[in-house]
Amino acid sequence: MRENEAKIEIISKSENEAFVRAAVSAFFMQLDPTIEEISDIKTAVSEAVTNSIVHGYAEKKGKIYIDLYIKDDKIKIVVKDNGCGILNVKEAMQPLFTTNTDGERSGMGFTVMETFMDNISVHSIVDVGTKVTMEKTLGKNML
């Protein structure tokens, strides 16, 4: 059985998103993922971290916590913030829904995460924060 875990803590600055993508992909390289699997993971993580920066903290700064887990061929990524929280998670997960009123956001963050990961769950409490948990089994599409 293969098991491992790592924790990353960043300040909610957009320039840290690229660091998280690189760190997450480096951590999961020990499973020898395909290029497509790494791309999927990086995209999903990028969306989760960006949501924390743009929506969770908006104009404020705070910390974002990324926990990474490996168990056999399964990975789990947890992205947590202590931001404003989400009033209605079900609504927020609908394609094209966004709270960003300046028109710069497409409202597809959760949809992208669901597309690239096998499972996603979102737990949020207003004025407390949000936790996004994503899971994926690597090597599923191998012949």
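This passage walks through a predicted model, taking in a hairpin, a helix, one residue of the first strand and a set of salt bridges.

The hairpin is a handy place to start. Strand β4 covers residues 119-125, and β5 covers residues 129-137. The two run antiparallel and are joined by seven bridges. Three residues sit between them, and one residue in the turn, D127, has a positive phi of about 65 degrees. The two faces of β4 don't look alike: I120, V122 and S124 are on the covered face, while N119, S121, H123 and I125 are on the uncovered one. From the covered face, I120 has M134 of β5 as its bridge partner.

Helix α2 takes up residues 35-56, which makes 22 residues. From first C-alpha to last it reaches 30 Å, close to the 32 Å expected at 1.5 Å a residue. After the helix comes A58, which has a positive phi near 50 degrees.

The helix also has a link to the hairpin, by way of a salt bridge between the side chains of D40 and K136, at 3.6 Å from N to O. D40 belongs to α2 and K136 to β5, so this pair ties together parts that lie 96 residues apart in sequence. Both ends are tucked away: buried means under 20% relative accessible area, so D40 counts as buried at 11%, and so does K136 at 9%.

In total, the count of salt bridges comes to seven. Another of them joins the side chains of D67 and K80, with an N to O distance of 3.2 Å. Here D67 lies in strand β2 (residues 63-71) and K80 in strand β3 (residues 74-81), so the pair ties together parts 13 residues apart in sequence. D67 is buried, at 7% relative accessibility, whereas K80 is partly exposed at 29%. The pair doesn't stand alone, as K7 joins D67 and K80 in a network of salt bridges.

D73 and K74 make a further salt bridge through their side chains, at 3.9 Å from N to O. Both residues are partly exposed, D73 with a relative accessible area of 36% and K74 with 47%.

That leaves E5, a residue of strand β1 (residues 3-11). E5 is partly exposed, with a relative accessible area of 47%. Setting aside neighbours within four places in sequence, E5 is in contact with F27, L68 and Y69. The C-alpha atom of E5 is also 9.8 Å from that of I77, a residue 72 places away along the chain.

How values were computed:
Residues are numbered from 1 along each chain as its sequence is written. This is a predicted model: local features need pLDDT of at least 70, side-chain atom pairs count only at pLDDT 80 or more; totals for chains, interfaces and linings use all residues. Side-chain values use heavy atoms; hydrogens and water are left out. Buried means under 20% relative accessible area, exposed over 50%, partly exposed in between (1.4 Å probe, protein chains only). Helices (H or I, at least four residues) and strands (E, at least two) are DSSP runs, numbered from the N terminus. Two strands pair if DSSP finds at least two bridges between them. Contact means heavy atoms within 4.5 Å. The expected span of a helix is 1.5 Å times one less than its number of residues. A salt bridge is a side-chain nitrogen of Lys or Arg within 4 Å of a carboxyl oxygen of Asp or Glu.
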